[in-house]
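Here is a short report on one protein model. It covers the fold order, the helices and the side-chain contacts.

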Amino acid sequence: MKLFVRLMMLVLVVALCGPFFIKGPDGRPLWTINTTVAKVRDWLSDMTSGSVLEQAPVIGAQEVTVYRWRDADGVWQFAAEPPAGVEAETMQIDTRTNAVAFEIPVIKRESGESASQEPAPTVSPEDAMIGPYPSPEATKQLIDDAKALKALAEQRQAVLDEI
């Protein structure tokens, strides 16, 4: 193992030092200390002066019109132009933001439902554990809670799909 590490260190040193000794087509070494230091100085001055940021493409602060529609499989599709023969919804997107906001409709509850989303626990915390394991009643309650949570998630997904 020591021999392998020493061999890898030797390969690394040769790879880093080799360009200073290998001659290019013009007969000079590929790298020199002076050219390397000058390139690093130029790179650092470009980074600190902001010229790199000045050369970056700027997206105008404008609104873009995007069309969305559902395809035959029910998947939302987005495009800059609506397809022929499909009723597409028009969306205005501000290019200064990186998120699209939708208005989420309020879910109306049945008159018998309570306003709280969390079901009342039916098992007291003292009865919930038998040693390090949950009691059968607590396990049933956990399964019921998971099913209720799944139903709520499916209901919310249905609302999002309607949007």
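The protein chain has 4 helices and 5 strands. This is a predicted model. Read from the N terminus, the elements run α-α-α-β-β-β-β-β-α. Of the 163 residues in the protein chain, 10% are buried.

**Helix H1 and the loop after it**

Helix H1 covers residues 2-21. It has 20 residues. From its first C-alpha to its last, H1 reaches 28 Å, close to the 28 Å expected at 1.5 Å a residue. H1 also has a kink of about 30° at Ala15. The kink lies shortly before the proline Pro19.

The structure holds 1 aromatic pair. Its partners are Phe20 and Trp31, in an edge-to-face arrangement. Their centres are 5.6 Å apart, with 70° between the planes. The cut-off for edge-to-face is over 60 degrees, so an angle of 70° qualifies. Phe20 lies in helix H1, while Trp31 is in the loop between H1 and helix H2 (33-49), so the pair ties together parts that are 11 residues apart in sequence. Phe20 is partly exposed, at 26% relative accessibility. Trp31 is partly exposed as well, at 43%.

**Salt bridges**

How many salt bridges does a search of the whole structure find? It finds 3. The table lists them with their N to O distances.

| Basic residue | Acidic residue | N to O distance |
|---|---|---|
| Arg28 | Asp26 | 3.9 Å |
| Arg68 | Glu89 | 3.2 Å |
| Lys150 | Glu154 | 4.0 Å |

Take Arg28 and Asp26 to begin with. Their side chains meet in a salt bridge. Arg28 is exposed, and Asp26 is exposed too.

Next comes the bridge between Arg68 and Glu89. This pair links distant parts of the chain. Arg68 is in strand E1 (residues 63-70), and Glu89 is in strand E3 (residues 89-94). The two are 21 residues apart. Is Arg68 buried or exposed? Arg68 has a relative accessible area of 4%, so it counts as buried, the cut-off being under 20%. Glu89 is partly exposed, at 37% relative accessibility.

Arg68 has another contact to note. Its charged end sits over the ring of Trp76, 4.1 Å from the ring centre. So Arg68 takes part in a salt bridge with Glu89 and also places its charge over Trp76.

The bridge between Lys150 and Glu154 is within one helix. Both residues lie in helix H4 (residues 136-162). They are 4 residues apart, about one turn of the helix. Lys150 is exposed, with a relative accessible area of 53%. Glu154 is partly exposed, at 48%.

**Helix H4**

H4 has 27 residues. It reaches 39 Å from its first C-alpha to its last, close to the 39 Å expected at 1.5 Å a residue. Which residues of H4 are buried? They are Ala138, Gln141, Leu152 and Val159.

Gln141 deserves a separate look. This residue is found in helix H4. Its relative accessibility is 16%, so it counts as buried, under the 20% cut-off. The side chain of Gln141 makes a polar contact with the side chain of Asp145, at 2.8 Å.

**Around Pro83**

Where is Pro83 found? Pro83 is in the loop between strand E2 (76-79) and E3. It is partly exposed, at 28% relative accessibility. Pro83 and Tyr67 are 16 residues apart in sequence. In space, the two are 9.0 Å apart, C-alpha to C-alpha.

**In brief**

Helix H1 has a kink at Ala15, and the aromatic pair of Phe20 and Trp31 joins H1 to the loop between H1 and H2. Arg68 and Glu89 link strands E1 and E3. In H4, Lys150 and Glu154 form a salt bridge, and Gln141 makes a polar contact with Asp145.

Key
Residues numbered from 1 in each chain as written. Predicted model: local features only at pLDDT ≥ 70, side-chain atom pairs only at ≥ 80, totals over all residues. Heavy atoms only, no water. Expected span 1.5 Å × (residues − 1). Bend = angle between axes of the 7 residues up to and from the residue. Buried < 20%, exposed > 50% of the residue type's maximum accessible area, 1.4 Å probe, protein only. Phe/Tyr/Trp six-rings, centres within 6.5 Å; stacked < 30°, edge-to-face > 60°. Lys NZ or Arg CZ within 6 Å of the ring centre and 35° of its normal. Polar contact = N/O pair within 3.5 Å; in protein donor to acceptor, adjacent residues only side chain to side chain.
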